[in-house]
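Student: Could you take me through one small part of this structure, slowly and contact by contact? I would like to see how a single side chain is placed among its surroundings.

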Amino acid sequence: MIKGQWTNLTLICLSNSLVWFARIATARGDETITVAARFDVKSSNKFYATNRAPLTASPFVKLPIGAIQPRGWLQHQLMLEADGMMGHLQEVSPWVKFEGNGWVSPKEKGGWEELPYWLKGLADLGYVLRDERIMKETQRWVDGIIATQQPDGWFGPEGLRTALDGLPDMWPHMPILNALQSYYEVKHDARVLQLMKRYFRWQLTAPAKAFNLSWGAVRFGDNLESVYWLYNRTGEAWLLDLGKRMHESSADWTTGIHNWHNVNISEGFREPTEYWMQAKEDKFLHGAERNYREVMGRYGQFPGGGFAGDENCRPAYRDPRQGFETCGMVEFMHSFEMLTRITGEPLWADRCEEVAINSLPAAMTPDLKALHYLTGANMVQLDRDNKAPGIQNGGTMLSYSPGGVYRCCQHNHGMGWPYYAEELWLATADDGLCASLYAASEVTAKVGDGSEVKIREETDYPFSDTISLKISTAKLAAFPLYLRVPRWSGKPEVTVNGKALDVHAEPLSYIVIRRAWADGDTVSLKLPMRIVLRTWAKSNNAVSVDYGPLTFSLKIGEKWNHYGKNEKWPEMEVHPASPFNYGLVLDAKSPESSFTVKHREGPLAAQPFTAETAPYELTVKARRIPAWTQDSKGLLNVLSPSPVRSEEPLETITLIPMGAARLRISAFPTIGDGPDARPWAAPLAVKATASHAFQGDTIDALNDGLVPESSSDHDIPRFTWWDKKGTTEWVQYEFATAKKLSRVEVYWFDDTGKGYCRVPKSWKVLVRSKNRWVPVADASGYGIQRDKFNLATFAPVEADAVRLEVELQQGFSGGILEWRAR
C-alpha cells in the first residue's frame, strides 16, 4: 500500500533556468535520440507567444485556442456543456442578462463577478467547439465591454470604482481579462491589447492598499497572469513594474496560506511561483508546492484531488464527508495547468487530471444541466436539506440546481472542460510538442524549422492504457515529441512505426523522442494500469482504490427526485437506493489481489461518467458496518479508526470510477479481526435536550463525534447554557430503547480569556428509569478539568435516558463540546 499522498517532484533554480534532475526519461533505439537526465530551459519557442526576457523562459507554452480539437468523451462533455446549463445560463440566471448589466451599461447597479465568471468559460467553450451561436454571443459581450472603457482606463461597472470604502474592487475585472485574452487569441482584435494597456496604466496609479482589499487581495495571481500575458505580446517594461507592485501590495502567499477559503486557496496558492518568473528567487519557485502540501496535508486526506473546504477549511472538519466547492475544482485545475507550463513539472498535470476525471464529473448531473455546490469523497445523500454545521453553510449545498441557488459555481464552472481541452497539448521550449494531458484529440502546430504538423491522438484514456498518435506533415519535420509518464504508471511501452523502443522511464517523467518525422508516422504509448491502494492515516486509516488514473467508489443505487417549478431546468435530489456502509475485506499479504477488474464490452459510451455506463468495475469482498449511519440531517457520520470489527455476512460489492458516482464512498474503512481491530465508534442514537440552550450554539454539538483540540476550541460547534450564570442546569440524552450504561465522558467548554464560560463548579449523573430520575450509584470521577474528557464511572444501570446536572460557577456560564455515554 501507498501511505497518504503521492510523492512529489523536487525543483531547484540554477543560473536563472529551470532544471529537472533525474526525472527526464531516456528513450533508446535506432530511431530516437537519448536525452540527458538534466534539462536546462534556456531557449524559447520560436512560434508561439512565450515569456520575453527578463521573465524566465517557459518549458512549455500554451498553443493558440483552436489549435487543439478534442474528440471522444471530452468533446462530448463540451457538447453537453454547450447544450446544458453553461450554454443556456441566460435562461435561468438573472446576472447574465445583457440589458441592464453593468458590464455593458456602466451606470447600472448590476455587475460583479457573475458575468465575468460566465463569459470566461463561455468564450472558450465556443472557441474550442467552434460553436457559431456561442461565439456570436461572446462577440456581443466583448464589443459591449470594450465600449465601456473610460479615458482614464477604467472599464465596466462604475459602481466598482468605489465599492470598497471608496476604493476600487478590482477582483471582478480579473476573470473578464481572461475572457478578453481568449477572444484576442482567436480574433487578434487589437482593441483588446489597447484596453488592457489602458486599464493596467490605471491600476499602476491606484494606491497600494487598493491591492489588498476583499476577494481581490488573495486572487491577484489572476491579475498577474494577465499582466505577463500582455507583456509577452507588447514588451512594454512598465508592465513588469505593475507586476512587482501587485505582488508586493497584495496578500502574501509566499510565507504560507494567507486565507482558508477554498476558492481563494485554489487560485491564490500559485501566486509565488507565477511571480518567480520575474523575481527568479527560489522561495517563489517553491511557494506553490509548499502551499499545496500544507493545504493537502491538513485537509486533503482523501482521494479525488480536492480538499475539505465546504466554504472555508475548518480544523475539526477534515473527514472525507466534507465537500469541495465546484468553483474550487475548476480553479484548482486552472492553477495546475498554469503551473505545468511555468515549471515543466509533470506532477502538476497529474494533479489536474486527478481532479478532472475523479471529481469534476460528479459535481454535475450527467446531462450537465445542473450542478451542486459541494462534492465530497464520501457523500451518500444529495438532498436539499440543511447540513450545517457539518457542512459550513446552511441551506441546500448538495442537491443539483441549474441556476440561482449556487451563485458563484453556476457561473464559474464552465471553464473547467474548455481549459482542460486547451491544455491537452503544449508547445515546448525546443520547438516541439508535449502530450501533457491525454485524451482523444487532434493538434495542429508549428514545430522544428517552422513546418506545420498535425497529430491525431486516438485513445479512450483514462479508460484505456494505450495512446496512439499519427503524424501528418507535408515534408519531413524534425522536432522532439514529449510524452508524460504519470506517477501511477508501470513500465511504459513505446513503439514508433510498430518498432518497440527500449524505454527506461520512471513515473513523473517525460519520454522525449527526437527524430525527423514523416507523414504517416505512428507512435503507440502504453501506460500499464494496476490496482494501487492508498492508506490515509490522517483519515483514520481509510483506504482508497486506484486503477491507473481512476479512483474507485462504491456503486450505490441512485434514486433521483426532481423538484422545483421549472420543468425545463429542474432541481434534483439523489437518495441512496442500496446500502453504503461497507468496510473492505482485504488480503493481509497482498491487498491489491483482493480486487477483480471487469471491463465493459463494446465501445466507450459517449458519456462514461455515470453508474450505468462506467467502462470499468472492480469487485471485492466486504462486510457491512451497521453502526456507520447518517446523522440526523442526512450527512454521513465521520469515519472511525480502521481496522473495524464486523460480524456481518461476507458480501461481494462493486466499485465504479469516482467520476461516475454521484453518490460515493471512496475512502473505505477496512475490516479486521486482529488485536488492533475495534468496534465502530458510532455516535449514540439519541434525542438531546437541555434546561436552556443559547440560540447561537447548537445542542447537536453534544453528540456530533468531533473531538475538540482544547476546551477553548472555537472551530467546532459547541453547546452552552449562556447567558445563565451561577445556576443549576442540565442536559440529557433520551434513547429509543433502554441501554445499559456505566460511564460518561464530558469535554467542557471554557473560553477563559475570551468570554464568560468556565468549567462547572460541580456536576453529577442521573438516569431515568420507570419515569423517575435518580442519581447513579457508586459514582466516581466527576472531573472539571480543561482540555480533556472528564470521566465519571458508576454501577451499571439500564435506563432510557441519562442526564448531567451541572452547577455553574458563580458569575459564569458554561458549556459542553462533546459528551459520550456508554
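Tutor: Happy to! Let us begin with a polar contact (a pair of N or O atoms within 3.5 Å; within protein, one must be able to donate a hydrogen and the other to accept it, and residues adjacent in sequence count only if both atoms are side-chain atoms). A polar atom of the Thr459 side chain lies 2.9 Å from the backbone nitrogen of Tyr461. The side chain of Thr459 also has a polar atom 2.8 Å from the backbone oxygen of Thr466.

A word on the model before we go on. It is a predicted one, in which local features need pLDDT of at least 70 and side-chain atom pairs count only at pLDDT 80 or more, while totals for chains, interfaces and linings use all residues. Residues are numbered from 1 along each chain as its sequence is written, and side-chain values use heavy atoms, with hydrogens and water left out.

Now, where does this threonine sit? Thr459 belongs to the loop between strand 14 (451–458) and strand 15 (466–473); strands (E, at least two residues) and helices (H or I, at least four) are DSSP runs, numbered from the N terminus. Thr459 has a relative accessibility of 11%, so it counts as buried (under 20% relative accessible area, with exposed over 50% and partly exposed in between; 1.4 Å probe, protein chains only).

Next come the neighbours. With those within four places in sequence left aside, Thr459 is in contact with Ala439, Ala440, Thr466 and Ile467, where contact means heavy atoms within 4.5 Å. Thr466 thus appears both here and in the polar contact through its backbone oxygen.

Ala439 deserves a look of its own. You will find Ala439 in another loop, the one between strand 12 (433–435) and strand 13 (441–447). Ala439 is buried as well, at 0% relative accessibility. Again leaving aside neighbours within four places in sequence, Ala439 is in contact with Leu74, Leu424, Glu457, Thr459 and Tyr461. Tyr461 therefore turns up twice: in contact with Ala439, and through its backbone nitrogen beside the Thr459 side chain, by the polar-contact cut-off.

For a sense of scale, try a pair that lies well outside this list: Ala439 and Leu193 are 246 residues apart in sequence and 33 Å apart in space, C-alpha to C-alpha.

So, as you turn the model, start at Thr459, find the backbone atoms of Tyr461 and Thr466, and then cross to Ala439 in the other loop.
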